[in-house]
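Trainee: Please walk me through this model. I would like a close look at one sheet, with the helices that lie across it and enough of the surroundings to place it.

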Amino acid sequence: MTAWDFSHRRAATAPLNRRDWHRMALSLALAPWCALAGAQSGAKPSASGPRWQADPFGLGVASGQPRPDSVVLWTRLRISEADAALKGQTLSVVCEVFADAAMRQPVRQWTVQTDARRGHSVHVVATGLQPARPYWYRFVCGTAHSPVGRARTTPGVNDAVDRLRLALASCQHYEQGYFLAHREMAQRDLDLVLFVGDYIYESSNPQHLLRPHQGGVPKLLDEYRERHAQYKSDADLRACHAAHTWLMTWDDHEVVNDYANDLDRHFTDAQVFLRRRAAAYQAYFEHMPLRLGPDPVNRSQMRIHDRMAWGRLADVWTLDCRQYRDHHACPDPNRGGGRVVMGCDALADPARSMWGAAQEQWLNQGLLSSPRRWKLVAQSTQMSSSGVNTPLGRSAFTDGWDGYPQARAQFLNSVAQAGVPNVVVLGGDVHMNVAAQLRVQPNDERSPVVASEIVTTSITSRGLGEKLLAQIRESNPDILHARSDERGFTVLDVRPDTLQAEFVTTPYPVRPDSVFKTQAQYLVRSGVPGLQKV
Ligand SMILES: [Fe+2]
């Protein structure tokens with residue numbers, strides 16, 4: 001990797017205030033991306049390199065995993081048949097970073113090589129940046145240039161910061177709706193997008209088929225690549241990546257529904273399944289702005305869990321609920337995966353884990369030592385109980401946290417015992433907005449509230465029916481709010497004294513002309529565990 005450093009020009013760059021930044025953000029979000037890139041000046045792309053017959057940058061650009069001095073910048077060249085001769089070549093891609101939206105103040109540029117072994121993906125860890133400010137970037141390869149993206153760095157880890165605004169999102173089944181929520185997020189004034197899983201879906205539901213997946217259920221690397229590429233063919237998803245820096249983790253559908261560690265729901269031999277998991281993880285990495293890809297020694301392993309500080313205001317953990325979990329308790333031997341059970345003794349086993357021992361320990365140590373005001377624990381699914389009381393006993397859905405109740409109690413107990421204040425658990429997966437109190441003993445008023453939970457509804461994926469949801473509400477007084485009928489995202493407005501969650505939704509089905517509104521808002525006050533309705 002070679003770099004040309006334009007840092008001597010940085011002095012000319014005055015820090016942007018929030019209003020300037022938002023104005024530029026809006027103008028950028030509303031601009032036609034390609035035209036903008038073509039119109040700007042800045043570092044000259046290399047005239048050498050391939051002469052493209054078709055645009056290789058159709059999958060867009062993205063930024064992620066920010067730090068005070070760096071951010072990951074991503075693109076992937078998609079080489080069409082018109083340029084087939086380039087498919088086997090190693091290609092040089094220039095990544096240019098600018099300090100201004102007009103792209104007249106170059107900061108740095110990098111030249112990286114990519115080839116077919118990594119799906120022609122490009123990951124640049126842009127370093128040497130200043131904290132708490134936006135940057136604009138694009139990629140150039142021969143005669144082609146990418147759309148422009150905007151990235152931002154985090155504040156210095158010990159800086160006093162008065163605000164973090166992030167959008168929490170998950171579950172975007174391509175077939176079940178348009179990505180209007182991404183269009184809406186792209187145009188909003190946000191510091192980050194936090195996506196907590198089910199970015200792609202491997203499977204189809206013929207009952208809800210607004211726009212079909214291409215190809216069958218992916219199992220091989222090229223098949224997962226095609227699925228990711230189809231999702232990124234959506235202009236609204238590309239716009240949201242280009243407009244904001246993302247934090248992300250995955251859930252199951254990035255590989256296959258209801259997988260647990262090395263086991264799928266068909267009880268496939270672990271070595272066979274791990275080859276599929278390796279292909280899915282590789283394709284995921286190739287399409288995301290991530291610092292780390294699959295482990296070079298064991299390609300079926302990939303670390304995605306991470307921790308990001310936002311000044312002294314917040315720590316954000318993004319956790320992995322799939323790769324390290326124990327297998328489902330009491331599975332149906334004919335079906336596998338998660339199911340609704342009653343009277344499953346394995347649920348009482350204190351050794352069963354959702355995060356795996358190493359990740360649990362890493363999280364607990366981080367939580368206990370964090371000097372930051374807010375501790376946001378982002379993970380894939382709903383932590384509060386959603387069991388239903390029946391004449392035969394209480395039900396538990398074994399794929400969610402109700403399938404790992406001892407691990408949940410141990411986590412919340414460690415928060416309670418250490419007196420860690422201001423823990424807010426964030427999740428997705430269940431295709432409904434949930435606001436809930438978290439207690440060591442769920443729904444037991446004698447067990448104090450120790451943390452708060454906000455779960456976001458899906459971008460598109462269909463939610464539970466109202467009849468079952470009413471039973472869930474009835475059986476779980478800790479759930480203050482549960483709505484599965486609308487799609488959207490959740491804006492978290494984090495300030496030193498309060499954290500406010502706004503469920504931003506549009507009625508199902510998602511239509512191209514849908515309008516977003518506030519479904520409900522909940523507030524946490526610093527030092528007071530639990531949510532209040534606003
Ligand atoms: Fe989902």
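Mentor: The chain is divided into domain 1 (2–152) and domain 2 (164–533), bounds that come from an automatic or database domain assignment. Their centres, taken over C-alpha atoms, are separated by 30 Å. The contact between them, meaning heavy atoms within 4.5 Å, takes 36 residues from domain 1 and 33 residues from domain 2. This is a predicted model, in which local features need pLDDT of at least 70 and side-chain atom pairs count only at pLDDT 80 or more, while totals for chains, interfaces and linings use all residues. Residues are numbered from 1 along each chain as its sequence is written, and side-chain values use heavy atoms, with hydrogens and water left out.

Now to the sheet. Seven strands form an open sheet with mixed pairing, and their order is β13-β14-β16-β20-β22-β21-β23. Strands (E, at least two residues) and helices (H or I, at least four residues) are DSSP runs, numbered from the N terminus; two strands pair if DSSP finds at least two bridges between them. The edges are held by β13 (306–310) and β23 (479–483), each of which has a single partner strand, so one side of each is left without a neighbour in the sheet. From one strand to the next, the twist averages 20°. Angles here run from 0 to 180 degrees between N-to-C directions, with axes as lines fitted to C-alpha atoms, for helices over the stretch in contact.

Strands of a sheet pair through backbone hydrogen bonds, either parallel or antiparallel. Both kinds appear here. β14 and β16 run parallel and are joined by five bridges; Asp315 stands opposite Lys375 in β16. β16 also runs parallel to β20, with four bridges between them, and Leu376 has Val424 in β20 as its bridge partner. Towards the β23 edge, β21 (residues 433–439) and β23 are antiparallel, again with four bridges. Here Asn433 stands opposite Arg483 in β23.

β16 deserves a closer look. Five of its five residues are buried, where buried means under 20% relative accessible area, exposed over 50% and partly exposed in between (1.4 Å probe, protein chains only). Trp374, Leu376 and Ala378 point one way from β16, and Lys375 and Val377 point the other way; all are buried.

Two helices lie across this sheet. Helix α7 (residues 357–369) crosses β13, β14 (314–318), β16 (374–378) and β20 (423–427), and runs at about 175° to β14. Helix α8 (residues 405–418) lies across β16, β20, β21 and β22 (449–455), at about 130° to β22. Leu363 is part of α7 and counts as buried because its relative accessibility is 0%. Not counting residues up to four places away in sequence, Leu363 touches Trp317, Leu319, Trp355, Val377 and Phe411.

β22 leads on to a loop that ends at α9 (466–475), and Ser461 lies in that loop. With a relative accessible area of 1%, Ser461 is buried. Its side chain makes a polar contact of 2.9 Å with the side chain of Tyr201. A polar contact is a pair of N or O atoms within 3.5 Å; within protein, one must be able to donate a hydrogen and the other to accept it, and residues adjacent in sequence count only if both atoms are side-chain atoms. The Ser461 side chain also reaches the backbone nitrogen of His173 at 3.2 Å. Leaving aside neighbours within four places in sequence, the residues in contact with Ser461 include Cys171, Gln172, His431 and Arg487.

For the surroundings, there is another open sheet, of 10 strands with mixed pairing, in the order β6-β3-β2-β12-β11-β10-β24-β25-β26-β27. Its edge strands, β6 (121–126) and β27 (532–533), each pair on one side only. Within it, β10 (residues 164–169) and β11 (residues 192–195) run parallel, joined by four bridges, and Ala169 stands opposite Phe195 in β11. Helix α6 lies across β3 (71–76), β6 and β12 (245–248), at about 60° to β6. Of the 17 residues of α6, 13 are buried. At its N-terminal end, Asp269 acts as a cap, with a side-chain oxygen 3.1 Å from the backbone nitrogen of Gln271.
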